[in-house]
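Trainee: Could you take me through the inside of this protein? I would like a close look at its largest nonpolar core and what builds it.

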Amino acid sequence: MHLRTAAPNDLALLRHWDEQPHIRDTGGDEDYNDWDWENQLGREVPWRDMLIAEESGRSVGFIQIMNPAEDESRYWGDCAPNLRAIDIWIGEARDLSRGYGRQMMELALESCFSAPDVEAVLVDPMASNTGAHRFYEAMGFRFVERRAFGPDDCFVYEIKRADWRPAKD
């Protein structure tokens, strides 16, 4: 698996993925979770990476890695600078349950923890998304709290550097 920077020419792909039932069914307020792809793709900011995961040259998913303390939207509120937050999804239903999510998350965590000052990584699946909860727990994340992000009812999970086990090649 390979991660590359998402670019403006990925706009149609990301819009298509946004419309997939398995992504829409994860819940959340559609207006609140608008990614504003037209303005965000190609916009480089030091606190965020927007990545496309490719398997054998085919795009299979999206990852955003951000420093929540520097996020200009203040989505996470006040955060310590030594955290990262990840958003991740598989684009097509046919690519679910094939191990791509695990590979993507392993690469994302490796990227996060390659910075020596990063102490923990956060994720915020919808409270109703029990499949995501199982996935994150299997990856080593621990439940922190139930929290409202705008109108969205989410579970916050965290994995600390001390609990992270890099993938074995």
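Mentor: Here is a walk through that core, with a little of its surroundings. This is a predicted model, in which local features need pLDDT of at least 70 and side-chain atom pairs count only at pLDDT 80 or more, while totals for chains, interfaces and linings use all residues. Residues are numbered from 1 along each chain as its sequence is written, and side-chain values use heavy atoms, with hydrogens and water left out.

The protein has 5 helices and 7 strands (DSSP runs, H or I of at least four residues for helices and E of at least two for strands, numbered from the N terminus). A nonpolar core is a set of buried Ala, Val, Leu, Ile, Met, Phe, Trp, Tyr and Cys residues joined through side-chain atoms within 4.5 Å; buried means under 20% relative accessible area, with a 1.4 Å probe and protein chains only. The largest one here holds 27 residues, and Ile63, Ile86, Met105, Leu109, Val121, Tyr136 and Phe141 have the most contacts inside it. Strands E2 (48-55), E3 (58-66), E4 (83-90), E5 (120-123) and E7 (152-160) each give two or more residues, as do helices H4 (100-113) and H5 (130-138). H4 supplies the largest share, 7 residues.

Now look at Leu109. Leaving aside residues up to four places away in sequence, Leu109 touches Ile86, Val121, Met139, Phe141, Ile159 and Trp164, a contact being heavy atoms within 4.5 Å. Apart from this core lies another, of 12 residues, including Trp47, Leu83, Phe149 and Val156. Across the protein, buried residues make up 43% of the 169.

Definitions and conventions: Buried < 20%, exposed > 50% of the residue type's maximum accessible area, 1.4 Å probe, protein only.
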